[in-house]
Amino acid sequence: KAAAAAAGLAAELGKLDQSSGRTAGLRRVTADMKAKNMKDKPALKPKAGGAAAPKKAKVAKKAVVKKDPRLQLVGKRWFCEHQVGTVEVPIAHPSQEVYIY
């Protein structure tokens, strides 16, 4: 009975494997065909005509908005936001939480 069950399981698994028909026409990629192994060919070809590509203008960085520092107990949560330097949070009870932004 165990042999029949194993044969039935093998037959069902055989039905699931249908990749042989799908990959039959594909070729194997060898190591010399991979882009990482092509040392003799340049990665980018220069454009015909010799015209240099126009350079993009630099985009100015946005100014950093300095926000007011906040150290506040709301319910059982301490909010520690926008602090500069070291700040001590006076936790009085072990159930209090600290959110640091």
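Start with the whole protein chain and colour by burial: buried residues make up 5% of its 101 residues, where buried means under 20% relative accessible area, exposed means over 50% and partly exposed lies in between (1.4 Å probe, protein chains only). Keep in mind that this is a predicted model, where local features need pLDDT of at least 70 and side-chain atom pairs count only at pLDDT 80 or more, while totals for chains, interfaces and linings use all residues. Residues are numbered from 1 along each chain as its sequence is written, and side-chain values use heavy atoms, with hydrogens and water left out.

Now show the surface. The accessible surface of the protein chain comes to about 10100 Å², and 59% of that belongs to carbon and sulfur atoms; these areas come from the Shrake-Rupley method with a 1.4 Å probe, and for residues only the protein chains shown count as cover.

Switch to cartoon. You should find two helices and three strands, running α-α-β-β-β along the sequence. Helices (H or I, at least four residues) and strands (E, at least two) are DSSP runs, numbered from the N terminus. As for contacts (heavy atoms within 4.5 Å), residues 24 or more positions apart account for 0% of those with a separation of 6 or more in the protein chain.

Next, select the three strands. They make an open sheet in the order β1-β2-β3, with mixed pairing; two strands pair if DSSP finds at least two bridges between them. The edge strands are β1 (70–74) and β3, each pairing on one side only. From one strand to the next, the twist averages 15°, taken between axes that are lines fitted to C-alpha atoms (for helices over the stretch in contact), with angles from 0 to 180 degrees between N-to-C directions.

Zoom in on β2 (residues 77–81) and β3: the two pair in the parallel sense over four bridges. Pick F79 and look across to β3, where its bridge partner is Y99.

Stay in strand β2 and click E81. Is E81 buried or exposed? E81 is buried, because its relative accessible area is 15%. Beyond its neighbours within four places in sequence, E81 is in contact with D68, P69, R70 and Y101.

Last stop: I100, in strand β3 (residues 97–100). I100 counts as exposed because its relative accessible area is 66%. Add I91 and V98 to the selection, and you have a nonpolar surface patch with about 280 Å² of accessible area together. Patches are made of residues with over 30% relative accessible area and no salt bridge, with like charges joined within 9 Å and nonpolar side chains (Val, Leu, Ile, Met, Phe, Trp, Tyr) within 5 Å; a salt bridge is a side-chain nitrogen of Lys or Arg within 4 Å of a carboxyl oxygen of Asp or Glu.
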